[in-house]
Amino acid sequence: MGTLKTARHWRAAAVLLLPVLTGTAGCAAGDRPDAGEAVYGQPLAEQFQAATDATRDAGTAAFLSTLTYGAAGGDAVHRAKGSQDYERGTSLAKLGFSAHRHFPRETLEFLQVSAPEGGQAVATAEDDVYVRHGASAWLRYTPEAVNELGETTGVIAAHAAGDVAPYSGTLADIVPRAIPREKPERRADGSRVYRVTVLPEVAAEVLPRDLQSLQGDWGAVPVQLTVRLDAEGRLASAAADLGPVLARLHEQKVLVDVKRLRAAYELSDFGKPVKAKGPDSSGEPVVDARTTLVPIATLKKGRCATTGATGLATTAVVRPVDCTARHDLRVLAQVKVDRTFPGERDIADGDGYARTQCERASFTAPDDWRRGGRYAEGFGFVGASGVSIGFHGGETETTVTGDYTCYLRTA
């Protein structure tokens with residue numbers, strides 16, 4: 001993996017922009033307020049880019065970004081709320097996840113796997129992203145840390161400051177990539193409402209990384225995007241109906257209980273001083289993820305680690321600790337899968353073969369590890385594998401290879 005993937009890399013992406021007629025025609029040029037002339041005085045096709053510049057020129061703003069999963073039993077919501085300083089290229093946000101008590105249980109458990117831990121804060125300062133839980137020290141992810149720790153850190157790297165906003169991974173990144181074709185509806189307060197469409201693959205960038213990875217082809221059904229600019233031409237809000245994206249996830253048997261998927265973004269308090277301070281200016285303790293975290297695949301048998309307070313929601317990257325200290329897991333073994341079968345086999349991955357090896361490692365683990373009920377029954381494993389079809393001696397073969405870590409979970 002190269003450097004942090006931010007909005008800087010997104011402008012070259014292809015987008016499909018289809019006009020959607022609005023119910024009210026735009027106003028005449030002479031009626032435009034002077035305050036928004038820098039935006040509304042531009043050709044229609046250039047107004048979103050001009051609005052992005054006007055928003056940044058405000059200096060600061062508060063923001064709220066949500067992703068809402070609607071089901072028959074109620075909604076579940078991923079939320080990021082905080083402030084952005086466009087001049088300094090910094091942001092500070094609180095992340096949260098909530099769900100109605102009647103939201104489908106299995107789907108809730110699936111979403112909670114990647115949901116932010118309670119009290120998680122994220123701060124950005126140019127290319128660096130910081131994560132903290134409660135009153136703990138800030139954990140800093142630099143581009144170098146992302147390179148060394150691998151793709152798992154993409155969930156954090158996605159928020160690094162970009163050309164559009166200091167906090168990336170929201171609909172704010174999508175707006176300047178759309179080109180309005182029809183005149184906006186003008187509201188009484190001088191704001192304008194635009195209705196455009198974007199490619200589903202572009203809109204899908206606001207999903208959590210684990211959901212993005214489940215679908216390689218998002219189809220061609222356009223996503224409806226509604227954008228409101230205030231009287232001065234700054235981005236006030238954006239909302240996207242992600243129905244086409246959800247339909248493709250349903251094809252993968254993912255989020256089948258979710259009937260509506262909607263992203264929203266709001267900005268307010270333009271130009272007001274940012275009261276909350278991030279780690280770059282607060283003087284609070286900061287530790288480097290590059291020297292604090294390691295891939296679990298590098299830990300030897302018997303080593304212990306914690307998985308919390310990393311912001312990654314995974315066991316693939318962990319914080320090593322002494323086994324006498326509080327920990328979440330203990331490594332049973334590092335195992336390899338390397339199996340070859342005659343003919344072309346229908347094999348999805350190497351997980352089943354890794355599970356067999358981990359069962360053996362669990363059975364032969366030292367007795368004192370299990371003594372006192374310190375660890376839960378069973379075991380877990382994490383890793384990656386690949387399946388290839390080849391030829392050897394004129395015969396077709398199926399080969400499965402992979403590397404996995406087997407571990408015990410604390411009770």
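What covers the buried residues of α2? Let's take a quick tour before coming back to that helix. What you have here is a predicted model, where local features need pLDDT of at least 70, side-chain atom pairs count only at pLDDT 80 or more, and totals for chains, interfaces and linings use all residues. Residues are numbered from 1 along each chain as its sequence is written, and side-chain values use heavy atoms, with hydrogens and water left out.

Start with the whole protein. Its secondary structure adds up to twelve helices and 18 strands; these are DSSP runs numbered from the N terminus, with helices being H or I of at least four residues and strands being E of at least two. Along the principal axes, the C-alpha atoms fill a box of roughly 80 × 60 × 45 Å. The protein has 411 residues, and 48% of them count as buried. Buried here means under 20% relative accessible area, exposed means over 50%, and partly exposed is in between, using a 1.4 Å probe and protein chains only. Take the contacts (heavy atoms within 4.5 Å) between residues at least 6 apart in sequence: 67% of them join residues at least 24 apart.

Now back to α2, which runs over residues 47–57. Its buried residues are Gln47, Phe48, Ala50, Ala51, Thr52, Ala54 and Thr55. As for the opening question, the cover includes α1 (37–40) and the strands β8 (192–198), β9 (223–229), β10 (235–241) and β11. Glutamine 47 gives you a close-up view: it sits in α2 and is buried, with a relative accessible area of 7%. Apart from its neighbours within four places in sequence, glutamine 47 touches Val39, Tyr40, Gln42, Tyr194 and Leu229. After the helix comes glycine 59, with a positive phi near 90°.

The same helix turns up again when you look for enclosed space. There are two cavities of 30 Å³ or more. A cavity is a set of points on a 1 Å grid over the protein atoms alone, where a 1.4 Å probe fits but cannot get out; lining residues have an atom within 4 Å of a point. The largest cavity has a volume of about 90 Å³, a volume being the space filled by probe spheres set on the points, which are joined across faces, edges and corners. Of the 13 residues lining the largest cavity, Thr52, Thr55, Val164, Ala172 and Leu235 lie nearest its centre. Two elements, α2 and β11 (258–268), give two or more residues to that lining, and α2 has the largest share, with four.

Strand β11 has a notable residue in the loop on either side. Leucine 255, in the loop between α8 (243–251) and β11, has a positive phi near 55° without being a glycine. Leucine 255 is buried, at a relative accessible area of 5%. Aspartate 269, in the loop between β11 and α9 (279–282), also isn't a glycine, yet has a positive phi of about 55°. Aspartate 269 counts as partly exposed, at 39% relative accessibility.

Finally, have a look at phenylalanine 363, in helix α11 (residues 351–363). Phenylalanine 363 is exposed, with a relative accessible area of 75%. Its C-alpha atom is 9.5 Å from that of glycine 378, which is 15 residues away along the chain.

Note on methods:
1 Å grid on protein atoms, 1.4 Å probe; cavity = no way out; pocket = protein on both sides within 12 Å on 5 of 7 lines; lining within 4 Å.
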